[in-house]
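Work through the exercises below with the structure in view. Try each task before reading its solution.

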Amino acid sequence: MSALDLINPTSGLYRKREPVFPRVVKGRFRQLKWAVMILCLAVYYITPWIRWDRGAYAPDQAVLVDLANRRFFMFDIEIWPQEFYYVAGLLIMAGIGLFLVTSAVGRAWCGYACPQTVWTDLFQHVERWIDGDRNAQLKLNNAPWTAAKLGRRLTKWSIWLVIATATCRAWIFYFADAPTLASQFVAGDAAFVAYATVGVLTATTFIFGGFMREQVCIYMCPWPRIQTAMLDEKSLIVTYRDWRGEPRTQGVKKAAAAREKVGDCIDCNACVSVCPTGVDIRQGPQLGCINCALCIDACDEVMGKLNRPRGLIDYLNLDDEKHERAGGAARPILKTLLRPRTLIYFGIWCAIGLAMLFTLGERARLTIDSAQDRNPVVVTMSDGQVRNGWTIKMRNMEGRPRQVELTMAGLPQGRMWTDAMDRKGAARSVRLNLAADATTRLHLYVAAPAGPAGETPFALIARPLDATPGTNDGREAARDIKFIRQ
Amino acid sequence: MTDHNKRVDEATGTNLVGHEWDGIEELDTPLPRWWVYIFAATVVFAAGYVVAYPSFPDVAGGTGWSSRGQLDEALKEQTAARAKVTTAIAATPNDQLVANPQLMRSAIEGGRAAFKVNCVQCHGSGAAGSKGYPNLNDDDWLWGGDITSIHTTLVHGIRSPGVDETRFSQMPAFADILSKGQISALVNHVRAISGQGKASAAGAQLFAENCASCHGTDGKGMREQGAPNLTDGIWLYGGDRASLTQTIAKARYGVMPHWAGRLDDATVKMLAAYVHSLGGGEANPAPVTASASTGEANVGS
């Protein structure tokens with residue numbers, strides 16, 4: 001007993017975690033869970049190692065969040081910081097996607113794809129491999145701390161640590177060139193932030209996956225609460241058909257002989273013993289249920305052995321549950337999946353995705369920005385002309401150097417030059433070489449004859465000189481500015 | 001707490017707290033034990049933090065850390081990090097500095113910062129100057145606009161007292177030499193050659209006798225002597241009749257301090273680079289002859 005327990009052991013102010021030792025189970029949903037887990041882990045571990053040729057001026061990693069250089073690469077898509085709204089769009093799609101999934105199939109995210117679920121599942125398989133199944137784990141847990149127990153624990157924790165470290169090593173590869181960082185990391189040359197990230201994430205993976213487990217879902221995660229609000233009477237949730245199972249009876253033959261009413265549930269507790277969060281689904285929908293459907297597999301197995309129909313515990317929505325409870329026939333699942341709410345979510349989801357794809361295809365890869373010198377705005381030159389100045393930023397977002405011609409449209413008497421030139425070279429247009437995938441910053445001067453005070457609007461037009469015919473990379477970038485006289 | 005609060009929720013078997021909002025009641029769910037432990041740990045951490053770090057006015061923490069000390073460290077680090085560049089700038093001759101775009105960019109940015117501290121008092125934060133203080137953005141230079149000349153001006157100052165190498169010139173106060181009518185004729189002539197009025201033979205005669213030795217026969221000035229070009233559109237003290245009369249009668253004697261010894265070599269050089277970058281900088285070596293400045297003035301007109 002710890003010190004805090006001694007202060008007030010029976011107050012009920014806090015509750016000790018009940019350890020959960022889920023039994024291994026076989027069945028269709030377990031197989032689905034395997035498939036999703038392998039897919040998720042494979043995508044997660046392999047993605048940073050995929051190479052993608054972008055030419056000499058950009059990294060060749062397919063998916064790269066290049067924080068140092070403020071670029072985000074995803075296959076053929078490159079995002080600059082000011083285009084971050086695409087990431088916001090992705091987040092909105094993720095949000096709508098979760099609405100869609102939740103309204104259709106309930107907490108499927110929690111049950112199959114959530115990292116907490118996937119890594120806990122992985123850790124539990126390691127646990128079974130080292131300690132044995134549920135009963136052996138229980139026995140070992142209650143056994144005194146002997147050398148053998150310590151040995152097993154250390155083995156298990158070591159494997160967990162290896163998995164946790166590998167997990168977090170994979171995470172940092174998304175933020176730098178994976179092969180380079182991998183060798184740097186081993187050699188001890190990687191940045192401190194890489195080691196710190198790996199350290200922190202390893203600790204959280206190890207603790208959350210190995211020890212906290214369902215506590216994360218029940219106490220720490222806001223998602224179950226949000227999902228509770230988003231589920232409706234048509235959402236599929238794991239349901240115990242209590243009208244069929246109750247009254248649950250252990251001594252079926254005896255009870256039948258006594259002419260008592262007998263439900264299909266034989267109270268074998270298989271559903272409870274396989275549950276990764278330790279809930280009893282027969283108590284109805286509850287916060288602790290992550291809808292992983294392993295209890296369905298467990299119950300189906302038992303029903304199979306008893307030659308009773310499967311599905312005493314099954315995916316079912318609340319509407320159909322009422323309908324079946326009243327004696328109605330089971331309805332096809334597809335009907336509950338395709339309904340206005342899910343279709344609207346799906347429509348919105350697709351619309352956002354298509355809109356983003358469209359704008360991605362249409363977005364400018366050459367832009368010009370300007371900031372007019374404000375102090376002083378107007379400079380009188382020795383020849384009596386007046387000069388304005390601008391800081392110009394030209395963004396060449398393509399992975400190749402470009403040559404553009406900057407031309408003045410309007411202000412016919414104006415002549416311009418840059419800080420790299422002399423006023424002797426002032427003209428109506430200047431040629432600029434823009435570095436690949438970079439912002440070129442320059443100072444632009446325009447001089448024009450003095451005149452009455454006022455503003456004369458004109459435009460700067462940047463025209464690529466190296467456009468490939470038949471593509472849209474010859475698109476001009478324009479900027480409306482004003483020449484000011486005082 | 002009353003007995004009312006000890007009611008038990010039927011569905012969960014949990015005590016009710018007694019708070020109720022429109023029929024929704026709050027359960028007295030026990031905290032998880034690990035949460036309580038973490039809470040206790042944060043309290044312990046806070047106690048340690050109060051001891052280790054400054055938590056009360058004028059009481060240093062056990063670790064000796066202070067935000068001022070951290071700032072000092074950061075400044076030291078920055079200075080050390082900049083040392084390589086500032087040393088290189090100090091060691092690079094002016095003409096080579098202009099030819100080195102990367103070093104020049106660093107010099108300009110360093111000069112921008114130093115300008116804000118040392119120069120804005122007279123030249124203004126945008127270096128646009130004011131009456132008596134030259135606008136450094138334009139292409140009119142009293143003592144030369146190439147980086148070497150600007151650097152020389154910065155190092156020795158203009159009419160800086162007690163500095164032998166300072167740039168020095170002195171225009172006489174003509175009130176003691178010429179009559180009011182003659183000064184008025186000179187004013188007319190200066191306005192005429194800068195395109196503001198009609199020329200007269202008397203004015204031209206007076207100018208040739210009294211002014212041409214410094215300002216040149218054509219009035220285009222002489223940079224060797226810091227004599228301004230009187231034919232262009234830029235006036236340090238104003239090109240109107242009253243200002244010109246004042247200038248000719250009483251003369252002007254603007255002073256710029258020398259910066260050698262007040263600022264380190266690298267900073268002075270960076271200031272020169274910054275002023276050179278403001279839009280009027282000329283190529284090195286300096287085209288200091290009158291004809292060269294004529295060519296410049298006609299550009300773009």
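**Exercise 1. Find how far apart the domain centres of chain B lie.**

Solution. Over C-alpha atoms, the centres of domain 1 and domain 2 of chain B are 77 Å apart. Next, place the two domains: domain 1 covers 3-52 and domain 2 covers 85-297. These bounds come from an automatic or database domain assignment.

A note on the source: this is a predicted model, in which local features need pLDDT of at least 70, side-chain atom pairs count only at pLDDT 80 or more, and totals for chains, interfaces and linings use all residues. Residues are numbered from 1 along each chain as its sequence is written, while chains are lettered from A and ligands numbered from 1 in the order in which they are written.

**Exercise 2. Compare chain B with a compact globule of 301 residues.**

Solution. Start with the globule: its radius of gyration would be near 19 Å. That rule is 2.2 Å times the number of residues to the power 0.38, and the radius is taken over C-alpha atoms. Chain B has 35 Å. Now take the box along the principal axes: the C-alpha atoms of chain B fill roughly 115 × 50 × 40 Å. Finally, count the elements: chain B has 12 helices and three strands. Both are DSSP runs, numbered from the N terminus (helices: H or I, at least four residues; strands: E, at least two).

**Exercise 3. Identify the residues with the most contacts inside the largest nonpolar core.**

Solution. The core has 51 residues. A nonpolar core is a set of buried Ala, Val, Leu, Ile, Met, Phe, Trp, Tyr and Cys residues joined through C-beta atoms within 7 Å. Buried means 20 or more other C-beta atoms within 10 Å of the residue's own, with C-beta atoms placed from the backbone. The residues with the most contacts inside the core are A:Val238, A:Cys271, A:Leu294, A:Cys295 and A:Ile313. Helix H3 (residues 85-105) of chain A gives the most to this core, with six residues. Then look at one centre: among the residues that A:Cys295 touches are A:Val274, A:Cys275 and A:Ile281, not counting residues up to four places away in sequence.

**Exercise 4. How many residues of chain A are in contact with chain B?**

Solution. 27 residues of chain A are in contact with 28 residues of chain B. Contact means C-beta atoms, placed from the backbone, within 7 Å. Several elements of chain A each supply at least two residues to this side, including helix H10 (214-220) and strand E9 (386-396).

Note on methods. A residue is buried if 20 or more other C-beta atoms lie within 10 Å of its own, exposed if 12 or fewer, and partly exposed in between; C-beta atoms are placed from the backbone. Two residues are in contact if their C-beta atoms, placed from the backbone, lie within 7 Å.
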